[in-house]
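Dear colleague,

I am passing on to you the structure shown below. Please look through it before you read the notes that come after it.

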Amino acid sequence: MSSPTGPASGLPVRMPRPRQPGRHRRPEPLVAPEGAPALVLAVPGAPSTATRGLAEEVVSIARSELPGLDARIGFVDGDDAEFPTLRSVLAHAAEERTARYEQAVAAGVEVREPDGPVAVVVPLLAGPDSALLRHIRQSVMDSRVAAELTDVLGPHPLLAEALHVRLSEAGLARADRARLFTVATAADGIVLASVGGEEAVQAAGITGMLLAARLAVPVMAAALDQEGSISSVAEQLRSSGSQQLALAPYLIGPEIDPALTAAAAEEAGCSMAEALGAYPAIGKLALAKYTTALGIAPQQPQGAQVR
């Protein structure tokens, strides 16, 4: 039997493992602070089971990076039945926080009244789209919940890495320059397709420069939502010497009908890679936006080195 001061004599005592000294010690694992706001992923576009599956993968990645994270999904154009709207998800998060506080008070637990944001809303967008961001901001305001809205996920070196992977999966780029592995169908010019008008094209161009450095081929950004933009950029690449073009969607997926992307690639005479989807970097960047907003991020996720 144990005594008030510890285990009875003869029983093994489990001692905490000493922390390894020096600069090479393992970093302490980061966990979500108790009572931290929810991460609410704002998913644009027409809701579907495929879109929900993609969003669930993204939040699963974020949870694996930050144990204890309260991550939720709100659809910008949801129906509050099968696909909960961003507004209702925020309202529900606020109700749950109030209920937890009231239960604690009723149980006689000394707790501080909750303050600060109920949630941090992270748009599931690779680049800026003023129309979609206005819609997301309005949903946050309509919820009447104290929530912080972050910037979009890009530009970022991890997105250039994700684009490289999607191109290599489609046989349109070498997977690893260091191994000098050649692909017979590798593109010698990339059209980086974005949505959101000129602002989105400029932002995509920053990631495009990082992608060009990785692939050692020219990359130019164009707008899917501006008629003729994809074809015009494709002609510019051809006039500068590129003959085998590929279209790389600078999109996560839900932002636009995939059929429109395929039609633009066909019109421009380009092969096409898949959208970024639930590539691991997307979940990591969403989490980085959340932790940075709360001031709990040990560091921003780092991009892979250019090979």
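The notes below describe the protein as a whole, then its nonpolar cores, and then one serine.

Please bear in mind that this is a predicted model. The protein has 307 residues, and 44% of them count as buried. Its secondary structure consists of eight helices and eight strands. Among the contacts with a separation of 6 or more, 75% are between residues 24 or more positions apart. The exposed surface of the protein comes to about 16500 Å², with 52% of it supplied by carbon and sulfur atoms.

Turning to the interior, the largest nonpolar core holds 53 residues. The members that touch the most others in this core are Leu41, Leu167, Ile190, Leu192, Leu211 and Ile282. Leucine 211 may serve as an example: with neighbours within four places in sequence left aside, leucine 211 is in contact with Ala160, Leu163, His164, Leu167, Ile190, Leu192 and Val219. Another core, of 19 residues, lies apart from the largest one, and its members include Val40, Ala94, Leu125 and Val152.

Finally, I would draw your attention to serine 194, which belongs to strand β5, residues 189-194. Is serine 194 buried or exposed? Serine 194 counts as buried because its relative accessibility is 2%, and the cut-off for buried is under 20%. Residues up to four places away in sequence not being counted, serine 194 touches Ala200, Val201, Ala204, Ala222, Ala223, Leu224, Asp225, Tyr250 and Leu251.

With kind regards

Notes
Residues numbered from 1 in each chain as written. Predicted model: local features only at pLDDT ≥ 70, side-chain atom pairs only at ≥ 80, totals over all residues. Heavy atoms only, no water. Core = buried A, V, L, I, M, F, W, Y, C linked by side-chain atoms within 4.5 Å. Buried < 20%, exposed > 50% of the residue type's maximum accessible area, 1.4 Å probe, protein only. Contact = heavy atoms within 4.5 Å. Helix = DSSP H or I, 4+ residues; strand = E, 2+ residues; numbered from the N terminus. Areas by Shrake-Rupley, 256 points an atom, 1.4 Å probe, with all protein chains shown as cover.
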